[in-house]
Amino acid sequence: MDRRRFFQTLLAAPLLAPLFGETGSGLKDCTLYLIGENPHVFFYPLLEEMQKVALPQAKYFHFLHPHPQQHLLRGILLTHGWQEKVGPTQIDLAISFCRLKNKAAPSFSFVKSGQIWDARSWTLRSIWKEMNQNNPPSSCLTIASLMGRTIETHKGESILLCADGRKREELSLKEERRLSFSTHKGHISIQIAGGEARVSDSSCRGKVCLYSPPISHPGERIICAPNHFFMEIQGPSLDTAIG
Amino acid sequence: MCELKVFCSPSQFKAAKEAVNAVFTDIEAHFSPESTDYSSEIVLSLYQKAYTLYLDSGGKFDISVGALSKIWGFHDQSYRVPTLEELDGAMRSVGMDKIQIRDGRLILAPGVQLDWGGIAKGYGLDLAANILKTKGLSNGFVNAGGDLYCWGTNPDGGSWRIGIKHPRKSGFSGILSISDEGAATTGDYQRFFIENGTRYHHVFDPHSGFPAKGKQSVTVVGPEATFCDALSTALFVSAHPGSILDKYPRYSAIIIDSDGNLTTLGKPVIFVSVE
């Protein structure tokens, strides 16, 4: 799979983690997108490559969402001296998981400071080769982001709705509502209830956005690439937490 | 372990980190339960503050509860409900009236054991923040877990936004916006054990010898983290927190009672409840 194809696959996925959007922050961040049934096999060498350009002293990790191979990934990180953090605190490495609608060839790519990072090394070349030769297609997407961030465990206040590249609405999550939008490419309906927002109908072909779980925490978003639509939970963001 | 955020060069940050570590190493050495230092300047200085809080709180804040912590097993995590005889014995050595200052040292009556846990962390935060400010670091915070001191502005140029942990759920009960202030939380969820369906926590009422009742958490905000720390304990224990806080007009309190109801007391503070 070449890189362009890789990101076409990603854009069709429900990006549950708030990671993808944050890569454009201009900070020295780096995010790994890894498709494969056994991410733990390749995870650590890929992480070491990322640490050449981002947070070399990083040592605190956290799973933003349950991961099917969580215990294996955790074991690898702990073996290498990383420490797991839970609860509201500052972390260096956020790991998330997303299931793609369709299986894709095992592969990986990096996004650094908002752009695809064309990293080339003997290590990466051999990992790529091994992944493609010996592993079946997979719908497991592991997202690992190296960036100093605070774990957001509180609920968001509002939801920002954007279509065709511009803001359409920002609505409180406290009010139950249903809305429909027409975009240049089709239409999409959303529902806000119980402090959560989800897509309730979409004209897109894959319906990946429709099958995404509801979102409620600041930074979480659902993207419908075919409809040029995304929605994102807004603030409040925190500097730190006590208690 | 502390979380430290300041805006400076890498070399300044290294020096800041070392300074904060040195402060808390010092605090640990002087105020840990095993410490027998009753005469150093830092101990006498903090004792004076603790005694002020003891008087102002009608004895609800008391650093002489070390014997209670021991019989309830909180000192070594051997949690258990003590017998009434054990409780009576421990209560005979509780009360700051059993401590005197003579010839530049604290003189403890027989059996009295100090527990600085309700004030030492806040004191360390004030010391650390003062050192960092004198080093020219104009924006930052030091977060020692339950307690924090912040100064200047956050990276967005506004007040620091501090999440206050919910005492019963994951996430936060609300968000504080503060600057140049300390904040400290005392809660029944921080250290506790459950026996026969009853929750026994580590914040003792010095007048009864039992864990204080009626609240899930108390957060205090104000200019000195030392007083935030001690006041959060005093208000947690007291059935009349407003009367204590009246003596500290520059401090605010956010109280969640045992039914989960949230109230604020004292000086107005920007606090946005999450629910």
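Modeller: A residue is buried if 20 or more other C-beta atoms lie within 10 Å of its own, exposed if 12 or fewer, and partly exposed in between, with C-beta atoms placed from the backbone. This is a predicted model, where local features need pLDDT (the predictor's confidence in each residue, from 0 to 100) of at least 70, side-chain atom pairs count only at pLDDT 80 or more, and totals for chains, interfaces and linings use all residues. Residues are numbered from 1 along each chain as its sequence is written, while chains are lettered from A and ligands numbered from 1 in the order in which they are written.

Colleague: OK, let's try it out. Is B:Gln77 buried or exposed?

Modeller: B:Gln77 sits in the loop between α3 (66-71) and α4 (84-91) of chain B; helices (H or I, at least four residues) and strands (E, at least two) are DSSP runs, numbered from the N terminus. B:Gln77 has 8 C-beta neighbours inside 10 Å, so it counts as exposed.

Colleague: And its backbone? What phi does B:Gln77 have?

Modeller: Most residues other than glycine have a negative phi. B:Gln77 isn't a glycine, yet its phi is positive, at about 65 degrees.

Colleague: B:Asp103 has a positive phi too. Which loop is it in?

Modeller: Phi of B:Asp103 is near 55 degrees, again in a residue other than glycine. B:Asp103 is exposed because there are 6 other C-beta atoms within 10 Å. Its place is the loop between β2 and β3 (105-108) of chain B.

Colleague: Over to strand β2 of chain B, then. Is B:Ile99 buried or exposed?

Modeller: B:Ile99 belongs to strand β2, residues 99-102 of chain B. It has 20 C-beta neighbours inside 10 Å, so B:Ile99 counts as buried.

Colleague: Which residues does B:Ile99 touch, leaving out those up to four places away in sequence?

Modeller: Contact here has C-beta atoms, placed from the backbone, within 7 Å. For B:Ile99, leaving out residues up to four places away in sequence, the list is B:Ser64, B:Leu106, B:Leu108 and B:Val112.

Colleague: How far from B:Ile99 is B:Pro110, C-alpha to C-alpha?

Modeller: In sequence, B:Ile99 and B:Pro110 are 11 residues apart. In space, the C-alpha to C-alpha separation is 9.8 Å.

Colleague: Now some helix packing. How are α1(B) and α5(B) oriented?

Modeller: Two packed helices are described by the angle between their axes and the distance between the axes. Axes are lines fitted to C-alpha atoms, for helices over the stretch in contact, and angles run from 0 to 180 degrees between N-to-C directions. Helix α1 (residues 10-31) and helix α5 (residues 120-134) of chain B have axes that come within 9 Å and cross at roughly 150 degrees. Angles under 35 degrees count as roughly parallel, over 145 as roughly antiparallel, 65 to 115 as roughly perpendicular and the rest as oblique, so α1(B) and α5(B) are roughly antiparallel.

Colleague: Which residues of α5(B) meet α1(B)?

Modeller: The α1(B) side is B:Ala16, B:Ala19, B:Val20, B:Val23, B:Phe24, B:Ile27 and B:Phe31. They meet, in α5(B), B:Ala120, B:Tyr123, B:Gly124, B:Leu127, B:Ala128, B:Ile131 and B:Leu132.

Colleague: Chain A has a packed pair as well. How are α3(A) and α4(A) oriented?

Modeller: Helix α3 (residues 39-50) and helix α4 (residues 70-79) of chain A pack at about 30 degrees, with axes 9 Å apart. That angle makes α3(A) and α4(A) roughly parallel.

Colleague: Which residues of α4(A) meet α3(A)?

Modeller: On the α3(A) side you'll find A:Pro39, A:His40, A:Phe43 and A:Tyr44. Their partners in α4(A) are A:Leu72, A:Leu73 and A:Ile76.

Colleague: What separates the C-alpha atoms of A:Lys52 and A:Cys30?

Modeller: A:Lys52 lies in the loop between α3 and β2 (60-63) of chain A, and with 10 C-beta neighbours inside 10 Å it counts as exposed. A:Lys52 and A:Cys30 are 22 residues apart along the chain, and their C-alpha atoms are separated by 9.9 Å.

Colleague: Zooming out, what share of chain A is buried?

Modeller: Chain A comes to six helices and 15 strands. Of its 243 residues, the buried share is 41%.

Colleague: And what share of chain B is buried?

Modeller: Chain B comes to seven helices and 14 strands. Of its 275 residues, the buried share is 45%.

Colleague: Which element of chain B has the lowest mean pLDDT?

Modeller: Chain B averages 92, and 98% of the residues score at least 70. Among its elements, helix α6 (residues 225-237) has the highest mean, 98. The lowest, 76, goes to strand β1 (residues 3-6) of chain B.

Colleague: Last one: what ipTM does the model score?

Modeller: Two overall scores come with the model. The pTM is 0.63, and the ipTM is 0.89.

Terms used. Contact = placed C-beta atoms within 7 Å.
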